[in-house]
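Student: I should like to study one part of a protein model closely. Please show me the structure first, and I shall then ask about a single element.

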Amino acid sequence: IVNSLSLCYHNKLILAPMVRVGTLPMRLLALDYGADIVYCEELIDLKMIQCKRVVNEVLSTVDFVAPDDRVVFRTCEREQNRVVFQMGTSDAERALAVARLVENDVAGIDVNMGCPKEYSTKGGMGAALLSDPDKIEKILSTLVKGTRRPVTCKIRILPSLEDTLSLVKRIERTGIAAIAVHGRKREERPQHPVSCEVIKAIADTLSIPVIANGGSHDHIQQYSDIEDFRQATAASSVMVARAAMWNPSIFLKEGLRPLEEVMQKYIRYAVQYDNHYTNTKYCLCQMLREQLESPQGRLLHAAQSSQEICEAFGLGAFYEETTQELDAQRARLSARTSEETREPAEDTSGVIKMAVKFDRRAYSAQITPKMCLLEWCRREKLPQPMYETVQRPVDRLFSSVVTVAEQKYQSTLWDKSKKLAEQAAAIVCLRSQGLPEGRLGEENPSLHKRKRESPDQDCGGPRAQELAQPGELCKKPFVALGSGEESPLEGW
């Protein structure tokens with residue numbers, strides 16, 4: 001395999017790899033503000049080799065999805081020629097397997113050899129590799145020979161300059177395209193001064209590009225400081241970590257943009273690319289820093305969903321519009337690919353359908369549509385509702401059909417989980433019958449009556465009573481069209 005060195009590392013501004021920060025929204029934001037190259041967060045080889053590559057047509061992304069359906073790495077065409085995939089590894093063959101898995105969707109492959117944190121070093125990865133030059137050489141040589149993308153590594157300096165220079169010379173001989181150097185020792189932290197002199201000595205010694213890293217604390221507060229740091233280290237390029245985490249517009253020649261503007265732009269990317277709200281919240285907290293106790297900071301701290309984060313920053317309407325667009329795209333995709341997604345084979349012409357979703361915030365915490373439907377069936381002496389749920393492989397979304405009195409009901413909108421899809425199907429049935437569905441402010445006398453008549457029941461209320469009915473849960477079928485399986489209790 002010929003290694004294709006299409007990515008240039010000379011005179012570049014680079015977003016450093018940062019765990020929990022370097023996800024797709026932050027990378028795109030850094031590119032918007034002038035970064036030339038962006039690194040993803042360190043991703044462990046053992047996790048990545050379990051992933052499947054999935055083209056997400058709804059988001060126009062490529063997702064690498066773990067067996068538990070968690071998206072481990074997400075990328076898109078916009079960054080394809082400028083994103084570097086950084087892995088944590090201690091094994092050459094595993095590293096090559098991961099590189100070959102992602103190489104068609106990234107611009108470069110990097111090996112983390114500098115992270116001093118336990119989650120990286122405990123498996124012999126990160127800075128632990130610095131004490132094993134033979135393993136370093138084997139990993140890098142295997143990658144250079146076996147992948148079509150330029151290979152780099154990121155290191156920390158060793159206790160002595162002589163040992164550091166000896167190591168980087170050996171690394172250079174593996175054929176890598178560039179080396180990033182964090183100018184601190186393994187045991188040092190941001191409060192310790194960065195060693196510009198050691199980085200300069202490395203740059204003077206090697207013929208490949210040297211990328212200087214570690215200047216955020218002492219050197220880089222604004223755009224012009226990046227060039228000053230580059231000159232102080234004689235490096236080819238500069239990699240910025242915490243200064244970019246605090247405000248990604250650090251890469252902008254015209255100067256830093258107001259934080260409020262930057263955060264809103266970040267949130268828009270997070271919603272558009274379905275970033276998990278906990279990750280979005282974490283990154284926003286890093287930007288707010290000392291403003292975390294401000295009114296907006298307290299709203300962010302209290303937020304428990306992407307929608308609530310958007311509302312805290314005045315983007316509630318944007319969230320609604322974007323999620324509606326994504327839902328519409330899912331519906332179009334479903335219509336186009338219904339045959340290949342292996343939806344239920346039976347004739348669905350008699351299914352009553354509505355475009356509805358279950359929004360938890362609109363319903364009582366104790367009463368759900370499924371509970372209302374079950375209670376109505378009991379009262380009318382009908383068989384209990386039967387749910388048939390399928391998962392669509394193309395985007396791993398769920399749809400459920402509920403059968404009540406031999407009539408089927410289904411929402412036309414696909415959901416992120418089995419239990420949400422079942423709740424939506426229950427809503428369709430209840431609305432078709434003109435029945436209460438448990439929304440806030442609605443009265444459902446039968447549910448309250450059962451609760452009053454059973455004072456010796458657990459204080460969990462109707463939900464606990466529903467679970468207490470013997471022999472009912474085993475009647476719920478679940479058809480899994482994807483690779484995962486779900487517990488029959490989920491959603492109850």
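Student: How many of the 5 residues of strand β5 (residues 61-65) are buried, and what does that say about how the strand sits in the rest of the structure?

Tutor: Please keep in mind that this is a predicted model. In strand β5, 5 of the 5 residues are buried, so the strand is largely enclosed by the rest of the structure. A residue is called buried here when its relative accessible area is under 20%. The side chains of β5 point in two directions: Thr-61, Asp-63 and Val-65 go one way, while Val-62 and Phe-64 go the other, and all are buried.

Let us turn to the neighbours of the strand. Strand β4 (residues 52-56) pairs with β5 in the antiparallel sense, over 5 bridges. Within this pairing, Arg-53 stands opposite Phe-64 of β5. The hairpin made by β4 and β5 has 4 residues between the strands, and Ser-60 there adopts a positive phi near 60°.

Strand β6 (residues 71-76) is also joined to β5 by 5 bridges, and these two strands run antiparallel. Phe-64 serves as a useful landmark, as its bridge partner in β6 is Phe-73, while Arg-53 stands opposite Phe-64 in the pairing with β4. The hairpin of β5 and β6 has 5 residues between the strands, and Asp-69 in its turn has a positive phi of about 75°.

For a second view of burial, consider helix α5 (residues 133-146). This helix has 14 residues and reaches 20 Å from its first C-alpha to its last, close to the 20 Å expected at 1.5 Å a residue. Its buried residues are Ile-136, Ile-139, Leu-140, Ser-141, Thr-142, Leu-143, Val-144 and Gly-146. The elements that cover these buried residues include α3 (92-102), β8 (108-113), β9 (151-156) and α6 (161-172).

Charged side chains also link parts of the model, and the structure holds 23 salt bridges. One of them joins the side chains of Asp-327 and Lys-357, at 3.9 Å from N to O. Asp-327 lies in helix α14 (residues 316-336) and Lys-357 in the loop between β13 (352-354) and α15 (369-379), so the pair ties together parts that are 30 residues apart in sequence. Asp-327 counts as buried, at 16% relative accessibility, whereas Lys-357 counts as partly exposed, at 31%. Both residues belong to a network of salt bridges that links Asp-327, Arg-330, Lys-357 and Asp-415.

Another salt bridge is formed by the side chains of Glu-375 and Arg-378, at 3.7 Å from N to O. These residues are 3 apart in helix α15, and are therefore separated by about one helical turn. An α-helix has 3.6 residues a turn, so residues three or four places apart point the same way. Glu-375 is buried, with a relative accessible area of 8%, while Arg-378 counts as partly exposed at 23%.

Finally, the side chains of Arg-431 and Glu-437 meet in a salt bridge of 2.9 Å, N to O. Here Arg-431 is partly exposed, with a relative accessible area of 35%, and Glu-437 counts as buried at 4%.

Definitions and conventions
Residues numbered from 1 in each chain as written. Predicted model: local features only at pLDDT ≥ 70, side-chain atom pairs only at ≥ 80, totals over all residues. Heavy atoms only, no water. Expected span 1.5 Å × (residues − 1). Buried < 20%, exposed > 50% of the residue type's maximum accessible area, 1.4 Å probe, protein only. Contact = heavy atoms within 4.5 Å. Pairing = 2+ DSSP bridges. Salt bridge = Lys/Arg side-chain N within 4 Å of Asp/Glu carboxyl O.
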